[in-house]
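Work through the exercises below with the coordinates open. Each task is followed by a stepwise solution.

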Amino acid sequence: MEHLELFFKSIFVDNMVFAYFLGMCSYLAVSKKVATAVGLGAAVIFVLAITVPLNWLLDQYLLQEGALSWLGPEYADYDLSFLSFIMFIATIATMVQLVEIIVEKFSPGLYNSLGIFLPLIAVNCAILGGSLFMQSREIETLGLALNYGIGSGIGWFLAIIAIAAIREKIRYSNVPAPLRGLGITFIITGLMAIGFMSFGGMLTGGDEVAEDNVQTVDGMVTAQKEHKITDLVIEEINDTDNK
């Protein structure tokens, strides 16, 4: 259940584009065609699925305070957390180079379509954001880190596919001249972000209902106790008056 909740939350509730507006440069530049958006979105999923678990291992066994205790007691006091950014970016850059080599080898057309934006995945803040969110949220296991990386990548993938499909269709629409291009794209992105905000209650609504039920039950029990106390007080007053 924890894996399922984290997966859907990373896609819909904590969407990298619509919740945090990360990776907007590539999102806006490569979303003119669906085919190109699919290629870049798939590359982002692959990079996040690899880098988030790898950076989780680095964080757990190298960077955190006391993470080097597995080397011996004398290393237990070391704290290398100040190297987090450098290590995370190095891991991301390595994976992006691997993706670039694979895409160029097996899909030259997609490689040419993506152009400079494929190597720029290395500096895509959505990729680094996935690792930093993983670190700040203190994800407990490697499996959850992999789950979060894949879910975050799918969320970014859905965002760029959605805007690319809309931009392809909107070419044939009568958009006011001042809003053509990026203007209408920003407006549509904002509207989709508002729509994705509705998913915020998807995983918390049940908890709120449960809390309300608990509060209602507690209130009923408290009212019953107060009612009993009131009855006892009235009885004591009546007895006193009779005496």
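The model is predicted.

**Exercise 1. Classify leucine 71 as buried, partly exposed or exposed.**

Step 1. The relative accessible area of leucine 71 is 44%.
Step 2. Buried means under 20%, and exposed means over 50%.
Step 3. Leucine 71 is therefore partly exposed.

**Exercise 2. Place leucine 71 in the chain, then find which nonpolar surface patch holds Leu71.**

Step 1. Leucine 71 sits in the loop between α3 and α4 (84–106).
Step 2. Leu71 helps make a nonpolar patch of about 760 Å², together with Leu54, Leu57, Tyr61, Trp70, Tyr75, Tyr78 and Leu142.
Step 3. Helix α3 (residues 34–63) gives the largest share of this patch, 3 residues.

**Exercise 3. Find the salt bridge and describe its two partners.**

Step 1. Apply the cut-off: a side-chain nitrogen of Lys or Arg within 4 Å of a carboxyl oxygen of Asp or Glu.
Step 2. The count is 1 salt bridge.
Step 3. Arginine 137 pairs with aspartate 14, at 3.5 Å from N to O.
Step 4. Arginine 137 is in the loop between α6 (125–136) and α7 (142–170), and aspartate 14 is in the loop between α1 (2–13) and α2 (24–29), so the pair ties together parts 123 residues apart in sequence.
Step 5. Aspartate 14 is buried at 13% relative accessibility. Arginine 137 is partly exposed at 34%.

**Exercise 4. Check two of the UniProt "transmembrane region" spans for helix content.**

Step 1. The unreviewed UniProt entry lists several spans, including 37–58 and 78–103.
Step 2. Residues 37–58 are 100% helix, with end C-alpha atoms 31 Å apart.
Step 3. Residues 78–103 are 77% helix and 0% strand, with end C-alpha atoms 40 Å apart.

Key. Residues are numbered from 1 along each chain as its sequence is written. This is a predicted model: local features need pLDDT of at least 70, side-chain atom pairs count only at pLDDT 80 or more; totals for chains, interfaces and linings use all residues. Side-chain values use heavy atoms; hydrogens and water are left out. UniProt positions are given in the numbering used here, feature names are shortened, and annotations may be inferred rather than shown by experiment. Helices (H or I, at least four residues) and strands (E, at least two) are DSSP runs, numbered from the N terminus. Patches are made of residues with over 30% relative accessible area and no salt bridge: like charges are joined within 9 Å, nonpolar side chains (Val, Leu, Ile, Met, Phe, Trp, Tyr) within 5 Å. Accessible areas come from the Shrake-Rupley method with a 1.4 Å probe; for residues, only the protein chains shown count as cover. Buried means under 20% relative accessible area, exposed over 50%, partly exposed in between (1.4 Å probe, protein chains only).
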